[in-house]
Each structure stands twice: as C-alpha cells, then as structure tokens.
Amino acid sequence: MKRSVLLAGAFGIVIASGAWAQTDTTQVAFIPQIAGIPYYVAMRAGAERAAEELGVEYVQEGPVSTNAADQLRIFESFVTQGFDVIAISPLDEESLKPAIARAREQGIIVLTSDADAPNSERQFFVAQALDQDLGYTLLDETVKLVGDSGKIAIVSDSPTIQSMQNWIAAIQERAETSYPKIEIVSVDHTDGTAARAYQFATDAMTRNPDLKAVLGMASTTCPGIAQAVEAAGAIGEVVSAGYCSPNTARDYIKSGAMPFSVLWNPADLGYLTVWVADHLADGGEIADDLEVPGLEAPVRYLPEDGILLLGPPAVFTPANVDDYDF
Amino acid sequence: MVLFASQSEFFLTERNLVTILRNSVDLAVICAGMTIVIILGGIDVSVGGILAVSAVIIGRAYQAGLPDILVAPIGIATGAALGAFNGLLIARTRVPPIVATLGTMYIFIAFLFLFIGGTWISGLPNTLSFLVLGDVYGIPAGVFVIGAVYAVAWALLRRMPWGRRVIAVGSDEGAARLVGIPVNRTKIEAFAFLGLLAGIAAVLYVARLRNVEVNIGTNIALEAIAATILGGANIRGGVGSLAGALLGVLFIKVTQNGLVLSGVSSLWETVVIGGLLLVVLVLDAVEKRGAG
C-alpha cells in the first residue's frame, strides 16, 4: 500500500516534468545560494522583467539553507527537466563540477551568475562586479571614515562560499599593498543567523577595545554586526559596513551604526543573466563588450576568464539608500 | 574558563561576561524545556523551527501595528501550540520523538518560507529590548528572565506531582501506564511547555536583534540538546538536571566567546563542543557498563 502510494507519487512527478520539457519557449533556470533572502528576490524581479520582454520562461529555485548538497540536487533536477539554460550561483565549486560537465554533455547551456566556479565547464560568468573591485571599494570607503591605520574585524557567512573568500582575500591584499598600518585582526564565519554575527562582532570589539571597523561579507551578517555596534554604544567609534542589501542595512545606515554599504543592483544582474541566457540559446555569440537594452552601463567582456561584467560596485549611503528596494 | 581567562585579558571583564549572558538568554530558556522533555524520555529537534515560526508571527504582528502587550503573548501562544502539536503527534501515533519532531521541523521551516515569502522582516521596534539588553539595579535583565523561567521549571519538575509523572514516564513508560499515570497527557504537556519556552525565546530573540531572518534558529536545537546532555541529562530518559543544563548553556556560550577572544578560528568551536559531548556520552556508557 505504502509502496504503491510512493510509486504513484513518483509517476506523477515524472509526468509533470515531462510535460514541462515539451514547451517550445526557451527555459531558463537560476539557482541562488539560498532561497528567500531579499537579495535574490530582487534578482528574480529583474530576471522576470527580462523574461517577459524576451519571451522566455524563467524559474528560480534555491536551497533553504546554504547547503551545497541541496544546491546540487536542485541543479540536477533542472538538468533532468531539460532546461535550455541553467544559471547558478555556486556554493561549492567542487561538488558542482561533475554535474556541470554532465549538463554540458546533454547540450544544456550552463552559466554562473552572482558567484563563479572558474574551474568548471561553465560557459560564462555573469558577474555583478569583480571580486577585486568589491574588496578594494569596501576597504577604500572604510579607510575614508576611520583613517589609514587601525584594526578591522571581518565577519563572513559559510567559508564554502567562494565569492566571500575572494572578497576577504581582496580586502587583505588591498590592506597589505595600500594601507600597511591597517590590521585585519580576525575573520569569523557564522551559520547564517543574525545572532551569531552579533556575537562575533561583539567579541571582536571586546578583544580589541581599539577596533576601528567590523566588515560583514554577507547580507546575513549585516543586521547582527550593526546591532552589535549599536548595543555597545559604539556608534561613531566603531564603523560597521559590508556587502549588505539596502533593506537589511537601511535602519543602520540611517542610525549611523553602518555609515555605508557596498553592493550592486541585483535586479540588473538578474536582467543581464536572462538576457545572456536568451542570447546564447538563440545561437548568439559573445566576442566583445555588449550594449544590453535595459541596462545603463555597457557590459564589459573579459575573454580570458569568460566574464561578463555588469559594472562598477555601488555604494549605498544615507543619501541614496532609499532609492533601492532589495 | 580558567584557560580562556589566562589566554585573554578581556575574558573576565564585566562587560564581556554580560555579553556572554545576553547571548545565552534564548538558548538558556529553551534548555529548561529541553531538560524536561529529555527527562520524559523524549527529544525535540524542531525547537529551532518553533522559534522561527513564532518569530515570524511576532514580526508580522508588529508590522500590523499591534502593541507589545499583544505581540508577546501571541508569539508565546504560537510556540506552545506548535509544541502541543508535537506532543499530540508523539503521544497518539507512538512515533519516536526524534522522527516525529524531525518531520515537524521540516514543516515548520517550510511554513517560515511560505509565510514570509522570501523577504526578511527587519526594522522591528525595540520596545522589548530591555528584557535582554537592560539592567535592574545594575544586574542584567537577562538574569531575571532566566531566573524566572528556571524557577518555574524547577517548581514544575521537583515540587509538583506533574514533575514526578514526567520522571516516572521517562524511567519506565510501561510501568507508568500500569500504575495509571496519564502518560499521553504528560507527554503533550511537556512538549507544549518546551514549545512555550521556544515562543518566549522567539520574543527575546526578536527583542534583541529586531529582525527575523530566514536562517533564524538554525543550530539552536542541536545546541540545546548538547547543553542538556553536557549538563548531565540521560538521553534515555529518567535523569536530568536543570542546573546542569544551565551550566551546559554557559559552557557552550563561553566556548564560543572564549575561542574568539583567544584568537582561535571560530571553526574550532564546533569541534570542541562536539568532542566534549562525545567524551560525556562515552564516560556515561563506560560507567553504565561498570555498574551493570
């Protein structure tokens, strides 16, 4: 009895996915690092706008926690469903490499978007901004506020997220080459909760009473580090900043606990991802910089790394934070 | 603790100890209920999910403009209801608690995503923050919150007939049934009490951090179970200590804090806590074998 129910369920899923694969329009899937955070919701809004304008079908589905195995499972389910283009923001390059290779063998176009897996067989990386530009911009803006000497702590999300590791490396490199008196005192990794980010930021301030800044690498860390600065009564003494979406940082940008935040516009990134997906699915090629209708800045093409670059990072301050909603 | 104090001059400062306390409040509150459930011979891996759902309801209630006096009871009632649901499921179906609550955890987390529709709830009012961040005559408010919760839990467990029923069910469920103890009711009540405490923890969490993120409650169930067992509870039921659980909570939070202050990578903390948990369980098993 139990088995027949399971079989019927599995059969239903197979039928449903079969019907899915038979439509003629180009089908584009995007797999974010986690479902449900405002950042990827904004990306979906941009992607859906492009999908509507270009007449393609767009599906976005991600894991409920930053779990590489779940992400791989979702990737493989899109391969099974026969999508034309699969874009992914990888959590863990190693676990995805063989799956990406298999998808390519089946003729599926695979892009990375938002984060990269440079050693995989993905065709292009649709990049929001170069990791180096982001790392440099965050530290440069921090130095403008706290001066070019002093201690800085970094609070990041899971250490398996490659893009965040790259940003940390870029910040460290910039500190060594341009600001020798800036010292990165710690790099801690949370489990994605605001409570842990709060804890790490508070502990860093306790350990280093002369701490100048706490930098958050993920939107998941931002409310926690800014709250820690507020709760310690350290607004004006310790700067919190990071790669934080305007919505998660807005209150703290206005209170002064987080004077600025560095990021890009994810809606534009989603738009560009779908545009590139449609372009490639229609047999188009990419050999040079692109003018994408619907985007303000031209898209740079970096052929040696296969990167399509959205534009320079954006800095959100009290003056412009209300212009964004993600 | 001595080790951390010797490794970092900041560890034993008043400010740091208050910080550790503030960061412990939600876990400590949940552990009081977890201890009772483990003494009962149960376990609840869904408390993170209960905390998350309660927090979402609290966030939505604030957004709807309700005052604290309504928001906090709504959040706590949500937790109690979900806990009672766990208890009902376990008592009626006789499904092992770890499996039943694993199932409900998935449902609660899914509910969280469905309900908040992919956005964080942020910028909530801080009118209840004093419960965690404030102090009364120089004593951190968290001490009173934890004290009140543990006093109630202790009274229930050690001074009321209900507590003796919990211990009886946890020691030998079959015998408890034979002597006429309402086993099912006791189970439902114990799980509901844990859920209620998870609801209180949600109120405190939102009061402290003023936002509800989609990862809320991620590790708290495992931390609570670890703290309770480190505190001397027997995972097979019948035995457990509220004071011990509180020490377990302190141990986990002090380890998290102390490693950071000593400049050790935070990646080691789970190794330390997991390792110690294994040591405790192995010692327990060896002792049992020796005695038997």
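Reader: Among contacts in chain A between residues at least 6 apart in sequence, what percentage join residues at least 24 apart?
Author: Keep in mind that this is a predicted model. Chain A has 326 residues, and 57% of them count as buried. For its contacts at a sequence separation of at least 6, the share that joins residues at least 24 apart is 72%.

Reader: And in chain B, what share of the contacts with a separation of 6 or more comes from residues 24 or more positions apart?
Author: Chain B has 292 residues, with 54% of them buried. Residues 24 or more positions apart make up a share of its contacts at separation 6 or more that comes to 77%.

Reader: What radius of gyration does chain A have, set against a compact globule?
Author: Start with the box: the C-alpha trace of chain A spans about 60 × 55 × 35 Å along its principal axes. For 326 residues, a compact globule would come out near 20 Å. Chain A agrees with that, at 21 Å.

Reader: How many helices and strands does chain B have, and what is its radius of gyration?
Author: Chain B is built with 13 helices and two strands. The globule rule gives 19 Å for 292 residues and the chain comes close to that, so chain B is as compact as a globular protein of that length. Its C-alpha atoms fill a box of roughly 55 × 50 × 35 Å along the principal axes. The radius of gyration itself is 19 Å.

Reader: Back to chain A: how many helices and strands are there?
Author: The chain carries both kinds of element, and its accessible surface comes to about 12,900 Å². The secondary structure count is 10 helices and 13 strands.

Reader: What part of the accessible surface belongs to carbon and sulfur atoms in each chain?
Author: In chain A, carbon and sulfur atoms hold 51% of about 12,900 Å². Chain B exposes about 12,300 Å², and there the carbon and sulfur part is 70%.

Reader: I'd like the charges for my electrostatics setup. How many positive and negative side chains are in each chain, and how far apart do the centres of the two sets lie?
Author: Chain A has 19 positive and 45 negative side chains, with the centres of the two sets 7 Å apart. Chain B has 18 positive and 14 negative ones. For chain B the centres lie apart by 9 Å.

Reader: How many aromatic pairs turn up over all chains, and what is the angle between the planes of A:Phe78 and A:Phe83?
Author: The search of the whole structure finds 10 aromatic pairs. One of them joins A:Phe78 and A:Phe83, 4.9 Å centre to centre. A:Phe78 has a relative accessible area of 2%, so it is buried, and A:Phe83 is buried at 2% too. Their pair is edge-to-face, with an angle of 70°.

Reader: What about A:Tyr324 and A:Phe326: which of these is buried and which partly exposed?
Author: These two form an edge-to-face pair, 6.4 Å centre to centre and 85° between the planes. A:Tyr324 has 25% relative accessibility, so it counts as partly exposed. At 4%, the buried one is A:Phe326.

Reader: Which residues do ring pairs link into a cluster?
Author: The cluster is in chain A, and ring pairs do the linking. Its members are A:Phe30, A:Tyr39, A:Tyr40, A:Trp167, A:Tyr243 and A:Trp264.

Reader: Over in chain B, is B:Ser24 buried or exposed, and what is it in contact with?
Author: B:Ser24 sits in helix H2, which covers residues 14–39. Its relative accessibility is 3%, so it counts as buried. Setting aside neighbours within four places in sequence, its contacts are B:Val249 and B:Lys253.

Reader: Where is B:Pro125, and which residues is it in contact with?
Author: B:Pro125 is in the loop between helix H5 (97–116) and helix H6 (130–133). With 33% relative accessible area, B:Pro125 is partly exposed. Beyond its neighbours within four places in sequence, B:Pro125 touches B:Tyr62 and B:Arg210.

Reader: B:Arg94 and B:Arg210 both have positive phi. Which is exposed and which buried?
Author: B:Arg94 has phi near 60°, and its loop runs between helix H4 (68–93) and H5. At 56% relative accessible area, B:Arg94 is exposed. B:Arg210, with phi of about 55°, lies in the loop between helix H10 (183–209) and helix H11 (220–230). Its relative accessible area is 14%, so the buried one is B:Arg210.

Technical notes:
Residues are numbered from 1 along each chain as its sequence is written. Chains are lettered from A and ligands numbered from 1 in the order in which they are written. This is a predicted model: local features need pLDDT of at least 70, side-chain atom pairs count only at pLDDT 80 or more; totals for chains, interfaces and linings use all residues. Side-chain values use heavy atoms; hydrogens and water are left out. Helices (H or I, at least four residues) and strands (E, at least two) are DSSP runs, numbered from the N terminus. The radius of gyration is taken over C-alpha atoms; the globule rule is 2.2 Å times the number of residues to the power 0.38. Buried means under 20% relative accessible area, exposed over 50%, partly exposed in between (1.4 Å probe, protein chains only). Contact means heavy atoms within 4.5 Å. Accessible areas come from the Shrake-Rupley method with a 1.4 Å probe; for residues, only the protein chains shown count as cover. Lys and Arg count as positive and Asp and Glu as negative; His and the chain ends are not counted. The place of a charge is taken as NZ of Lys, CZ of Arg, CG of Asp or CD of Glu. Rings of Phe, Tyr and Trp (its six-membered ring) pair if their centres lie within 6.5 Å; planes under 30 degrees apart count as stacked, over 60 as edge-to-face and the rest as tilted.
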